[in-house]
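Hi,

Here is the structure I promised to pass on. Have a look at it first, and then read my notes underneath.

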Amino acid sequence: MMLTVQHRLPLALAARVRSVRRPFRPSPGQGPYRLPHDIQDRLVLALAPFRNRDAALTLAVFIARFWSVPGRVGGAFPIDRRELADRADLGLTEKRVRSAITTLEAVGFLERALTPSGSRYKATEHGLHRKPILYVFGSEYGSAFVLANKRAQAARGGVSGARRMPSPSGPSRPSTAFLEALAKGPKSKERSETKVLMGPLRQDRSLPAQPSAPTPLDLALQRLGEAIGKPSLG
């Protein structure tokens, strides 16, 4: 296996695998993310001949944690060696990050994304800076991540277009607001029919209204008419 790998790699990489004799048994890892089992086994087998295999596997897990999720797995991403250097969750120097990237490219875990032609540098306020190199997952690993995401989604029950309707656990009960509205509503159909928009509707408009009791003013006017000999007001 080592001879096959060495035949495919550049001379500088081939020199890194000559002194590797012990088998590669990586630790399970203590972080919040772990590679899917099939991807882990494939990558461990591919990294076994390399002396920096531990650093390469650590960097691969870190990259996959953020870029293998649905919606990102097919996109390109940069790897800033200076930002990743001396992180507590990585424990890699900038030199080891650079070496790990090279190894992950050699085994096909990473590939350089296609970029439009043009200058590799961009103008900034501090002068010309080299544009960041963008990477994508290799075709085999990218497809494996897509399948792993589908398996995880199916294990969680999937995401359908329509939400599941909860089954009723018992007969439904009317809400408090509905009961209050019912209590404030008309008591009967007959009573509601005697109402119009501007006030109560009289039952018989042909009958005159009943005379009301005489007021003190009416009585005073009646006494005044009797005193001057005029007929009283009826």
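Below is what I found in it, going from the whole chain down to single residues.

One thing to keep in mind from the start: this is a predicted model.

**The chain overall**

The chain has 234 residues, and 24% of them count as buried. Its secondary structure consists of ten helices and seven strands. The accessible surface adds up to about 18300 Å², with 56% of that belonging to carbon and sulfur atoms. If you take the contacts between residues at least 6 apart in sequence, 65% of them join residues at least 24 apart.

**The sheet and the helix across it**

Three strands make up an open sheet with antiparallel pairing, in the order 1-5-2. Its edge strands are strand 1 (77-78) and strand 2 (110-112), each of which pairs on one side only. Strand 2 runs antiparallel to strand 5 (residues 134-137), and three bridges join the two. If you want a spot to find your bearings there, look for E111, which stands opposite V136 in strand 5.

Now bring helix 4 into view. Helix 4 lies across strand 1, strand 2 and strand 5, and runs at about 85° to strand 5. A residue to click on in helix 4 is I63. With a relative accessibility of 5%, I63 counts as buried, because the cut-off for that is under 20%. Leaving out residues up to four places away in sequence, I63 touches S68, F77, I79, L110 and F137. Take L110 from that list: I63 and L110 are 47 residues apart along the chain, and their C-alpha atoms are separated by 10.0 Å.

**The aromatic rings**

Next, the rings. Searching the whole structure turns up seven aromatic pairs. One of them is F109 with Y141, an edge-to-face pair with 5.1 Å from centre to centre and 65° between the planes. F109 sits in the loop between helix 6 (94-106) and strand 2, while Y141 belongs to helix 7 (residues 139-155), so this pair ties together parts that are 32 residues apart in sequence. Both F109 and Y141 are buried.

F109 also pairs with F145. Here the ring centres are 6.2 Å apart and the planes stand at 75°, so this pair is edge-to-face too. F145 lies in helix 7 and F109 in the loop between helix 6 and strand 2, so the parts tied together are 36 residues apart in sequence. Both F109 and F145 are buried.

Stepping back from the single pairs, ring pairs link W67, F77, F109, F137, Y141 and F145 into a cluster. Two members of that cluster, F77 and F137, are also among the residues that I63 touches.

**A polar residue in a loop**

Last, have a look at N52. Where does N52 sit? N52 is in the loop between helix 3 (37-47) and helix 4 (53-67). Is N52 buried or exposed? Its relative accessible area is 15%, so N52 is buried. And what does the side chain of N52 make a polar contact with? The partner is the side chain of S99, at 2.8 Å.

That's what I have for now.

Cheers

Methods: Residues are numbered from 1 along each chain as its sequence is written. This is a predicted model: local features need pLDDT of at least 70, side-chain atom pairs count only at pLDDT 80 or more; totals for chains, interfaces and linings use all residues. Side-chain values use heavy atoms; hydrogens and water are left out. Helices (H or I, at least four residues) and strands (E, at least two) are DSSP runs, numbered from the N terminus. Buried means under 20% relative accessible area, exposed over 50%, partly exposed in between (1.4 Å probe, protein chains only). A polar contact is a pair of N or O atoms within 3.5 Å; within protein, one must be able to donate a hydrogen and the other to accept it, and residues adjacent in sequence count only if both atoms are side-chain atoms. Contact means heavy atoms within 4.5 Å. Accessible areas come from the Shrake-Rupley method with a 1.4 Å probe; for residues, only the protein chains shown count as cover. Two strands pair if DSSP finds at least two bridges between them. Axes are lines fitted to C-alpha atoms, for helices over the stretch in contact, and angles run from 0 to 180 degrees between N-to-C directions. Rings of Phe, Tyr and Trp (its six-membered ring) pair if their centres lie within 6.5 Å; planes under 30 degrees apart count as stacked, over 60 as edge-to-face and the rest as tilted.
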